[in-house]
Amino acid sequence: MTTEERARWNALEVREPDQVPAVTPLAWQVAKLTEHSDRLMNNLLPADFPHEVERGTAGDALAVLALRESIRRDVEHGRGTRVHEALLLGASWREVARALDVETGEARELLRTWAQGQRNLWQRNEAEGRRPFGLDADAHAAVLALVERDDDEAPAPAVAPVEERHQDDTEPVKESTRRYAEELRANPGKASADGHTGWECSAGASLIVGADTPGPGALGTHHGAIYACREHQAAAEVRVTGAGYGADARPAPPGHRYSPWPCGHVTAYSREALADLSGAGAVSPQGPGARP
């Protein structure tokens, strides 16, 4: 997150949880929550308190409610995914239940509900003629088999399958994330600007394809990135290399896979790079940044 994004967040008036941009760090939300809570606490001071203090208003109380709800949603998001992950990595149901501070039956029901939601998502995408996303029939059956595992059974960790799943699968794109991406495209920042490649894809981005050039330092220069699903990796690399950049494709960090950007979202650090990566300009024969 940039300094400009932090300044926008500090100035944002929050009265509803959906007003919190989807990628806002929890630490930022807690800091704003603390400011409003401190003003409300000042209301407990006597009227003749000798020092000047800022007292809380109804707006502060509403902000506290909205921020607490936003934080709760962020913490809860991906709960089923993490239960699934813990079991695949060798944890027992009893250990998972202790981590959640619930009974094993409640933990099992949590995973069962998550799996059904992921299965419904896959079937809905198929019915709409879109690239299926979620759990196919076999994957759904595999999760249900985990649900039936004994409380204390802890098989050897399935490290390789989990790693593969992390690279190829993500949670669905939240509507609030999609709206935030659209807001960034409409309001370019001074340090970076956002766009879109133009291809249609409903999947979340499990990959970040960087656009880099050598030098001036040992690490080279990073000009921007395309967020892509595995299916669009090749298209993203063609877009990057066709503009004269070096393509650096890597799995998105875990946080981005649990709350992914839409596939095709572009973040760039110059007008030229944005045109190159979004496909809005012709490729310069001299390479990136050569156009006037």
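Modeller: Let's start with angles between helices: under 35 degrees counts as roughly parallel, over 145 as roughly antiparallel, 65 to 115 as roughly perpendicular, and the rest as oblique. This is a predicted model, where local features need pLDDT of at least 70, side-chain atom pairs count only at pLDDT 80 or more, and totals for chains, interfaces and linings use all residues. Residues are numbered from 1 along each chain as its sequence is written, and side-chain values use heavy atoms, leaving out hydrogens and water.

Colleague: How are helices α5 and α6 placed relative to each other?

Modeller: Axes are lines fitted to C-alpha atoms, for helices over the stretch in contact, with angles from 0 to 180 degrees between N-to-C directions. Helices (H or I, at least four residues) and strands (E, at least two) are DSSP runs, numbered from the N terminus. Here the axes of α5 (residues 93–100) and α6 (residues 104–127) cross at roughly 90° and come within 8 Å, so the two helices are roughly perpendicular.

Colleague: And which cysteines form disulfides?

Modeller: A disulfide is a pair of cysteine sulfur atoms within 2.5 Å. The whole structure has 0 of them. For C201, the nearest cysteine sulfur is that of C229, 3.8 Å away. C263 is in no disulfide either, and its nearest cysteine sulfur, also that of C229, is 3.8 Å away.

Colleague: Is C263 buried or exposed?

Modeller: Buried means under 20% relative accessible area, exposed over 50%, and partly exposed in between (1.4 Å probe, protein chains only). C263 has 1%, so C263 is buried. C201, with 18%, is buried too.
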